[in-house]
Amino acid sequence: MRLDLGTCGVRSFREADAAELARHANNRKVWLQLRDQFPHPYTIDDARNFISLARGGRPETMFAITVSEVAVGGIGAKLRDDVERCSAEVGYWLGEPYWGRGIMARALAAFTRFAFTAYDLERLYAVPYASNTASCRVLQKAGYRLEGRMRRSAIKDGKVQDQFLYAILRGDSSDN
C-alpha cells in the first residue's frame, strides 16, 4: 500500500525501515501516549520484530508514516470481529521532530479513506488519553467526532486516567 500526500506519505513497512523506526520510537514522550504493548526503550530488535509482524498481516493493517521516504511513525487499524466486524480501532504515532507540522492529521485523513474501502468498514474509532490534546486535535482535523469520555478507563505509567472516544462513520470521511 502506498499513499503519497505531498509532504508525507503512508506506505507498507520495509525491512530497511528498522533503524529509523527504532530511532523515532525510542522516545519516552511518544511511549507515554501509547499502549503498554509499545515497548520502551524501543530497540532495533523491537523495530525488526514489529516490521515482520506488519508485513506478515493479511490483510495488511499497519503502515509507516514517511517524510522524504523515511519512516518517522506508524498508523494502523485493529480490525474487530464477530458482531463488531464492521468497526476498527485506529492507532498512530509520530516521531517527536515531526510534531506540530500537520503530518499526522494529513496521514490520518488519508488512511481513514483508505481503511473504509480496503477493509469494508462502517466505523473507525480511536481512544486517546484525555490528556493528549494534540491527538484529540489530530482526530478532529481528520473528521472524527467526540462521542464520549471513558472515565478512569486506562492506566499508563502508574497513573489512572480518562480516555476519549472519537469515531468517524463511512461517508463522513469524504470531506477530508
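# A chat about helix packing and odd backbone spots

A88 has a relative accessible area of 0%, so it is buried. That value, like the others below, is computed from a predicted model.

Reader: Which element holds A88, and what is A88 in contact with beyond its neighbours within four places in sequence?

Author: A88 has its place in strand 5. Leaving aside neighbours within four places in sequence, one set of partners of A88 is A77, K78, L79 and R80. The rest of the list for A88 is L121, R123, L124 and Y125.

Reader: How far apart in space are the C-alpha atoms of A88 and A130?

Author: Along the chain, A88 and A130 are 42 residues apart. Between their C-alpha atoms, the separation is 20 Å.

Reader: On to the helices. At what angle do helix 1 and helix 3 pack?

Author: Two packed helices get described by the angle between their axes and the distance between the axes, so you want both numbers. For helix 1 and helix 3 the axes are 8 Å apart, and the angle is about 120 degrees.

Reader: Which residues make that contact, and how do they divide into nonpolar, polar and charged?

Author: Helix 1 passes helix 3 in a right-handed crossing. Helix 1 brings A18, A19, L21 and A22, while helix 3 brings I44, A47, R48, F50 and I51. By class, the contact of helix 1 with helix 3 comes out at eight nonpolar, no polar and one charged.

Reader: Which residues of helix 1 are buried, and what covers them?

Author: Helix 1 covers residues 18-25, and its buried residues are A18, L21, A22, H24 and A25. What covers them includes helix 2 (28-31), helix 3 (44-56), strand 4 (70-79) and strand 5 (87-94).

Reader: Is D45 buried, partly exposed or exposed?

Author: D45 is found in helix 3. D45 and G6 are 39 residues apart in sequence, with 31 Å between their C-alpha atoms. The relative accessibility of D45 is 46%, and buried would need under 20% while exposed would need over 50%. So D45 counts as partly exposed.

Reader: Next pair: are helix 4 and helix 5 parallel, perpendicular or oblique?

Author: Helix 4 (residues 103-118) and helix 5 (residues 133-141) have axes that come within 8 Å and cross at roughly 45 degrees. Roughly parallel takes an angle under 35 degrees, and roughly perpendicular takes 65 to 115. That makes helix 4, relative to helix 5, oblique.

Reader: What residues meet there, and how many of them are charged?

Author: The crossing of helix 4 past helix 5 is right-handed. From helix 4 you get M104, A105 and L108, and they meet V138, L139 and K141 in helix 5. The contact of helix 4 with helix 5 has five nonpolar residues and no polar ones, and the charged count is one.

Reader: What span should helix 4 have, and how far apart are its end C-alpha atoms?

Author: Helix 4 has 16 residues, and at 1.5 Å a residue it should span 22 Å. The expected and modelled values agree, because the end C-alpha atoms of helix 4 are also 22 Å apart.

Reader: Which residues of helix 4 are buried, and what phi does D120 have after the helix?

Author: The buried residues of helix 4 are I103, M104, A105, A107, L108, A109, A110, F111, T112, A115 and F116. Helix 4 is followed by D120, whose phi is positive, near 50 degrees.

Reader: Why do positive phi values and cis peptide bonds get a mention, and where are the cis ones?

Author: They stand out because most residues other than glycine have a negative phi, and most peptide bonds are trans. One cis bond runs from H40 to P41, with omega near 0 degrees, and P41 is in the loop between helix 2 and helix 3. Another cis bond, with omega about 5 degrees, joins R58 and P59.

Reader: Where does P59 sit, and what is in contact with P59?

Author: P59 is in the loop between helix 3 and strand 3 (62-67). At 45% relative accessibility, P59 counts as partly exposed. Leaving aside neighbours within four places in sequence, P59 is in contact with L79 and Y119.

Reader: Are S68 and D82 buried or exposed?

Author: S68 is in the loop between strand 3 and strand 4, and D82 lies in the loop between strand 4 and strand 5. S68 has a positive phi of about 55 degrees although it is not a glycine, and D82 has a positive phi of about 55 degrees too. The relative accessible area is 67% for S68, so S68 is exposed. With 57%, D82 is exposed.

Definitions and conventions:
Residues numbered from 1 in each chain as written. Predicted model: local features only at pLDDT ≥ 70, side-chain atom pairs only at ≥ 80, totals over all residues. Heavy atoms only, no water. Axes fitted to C-alpha atoms, helices over the stretch in contact; angles between N-to-C directions. Helix = DSSP H or I, 4+ residues; strand = E, 2+ residues; numbered from the N terminus. Parallel < 35°, antiparallel > 145°, perpendicular 65-115°, else oblique. Left-handed = near helix turned anticlockwise from the far one by under 90°. Contact = heavy atoms within 4.5 Å. Nonpolar A, V, L, I, M, F, W, Y, C, P; charged D, E, K, R; others polar. Expected span 1.5 Å × (residues − 1). Buried < 20%, exposed > 50% of the residue type's maximum accessible area, 1.4 Å probe, protein only.
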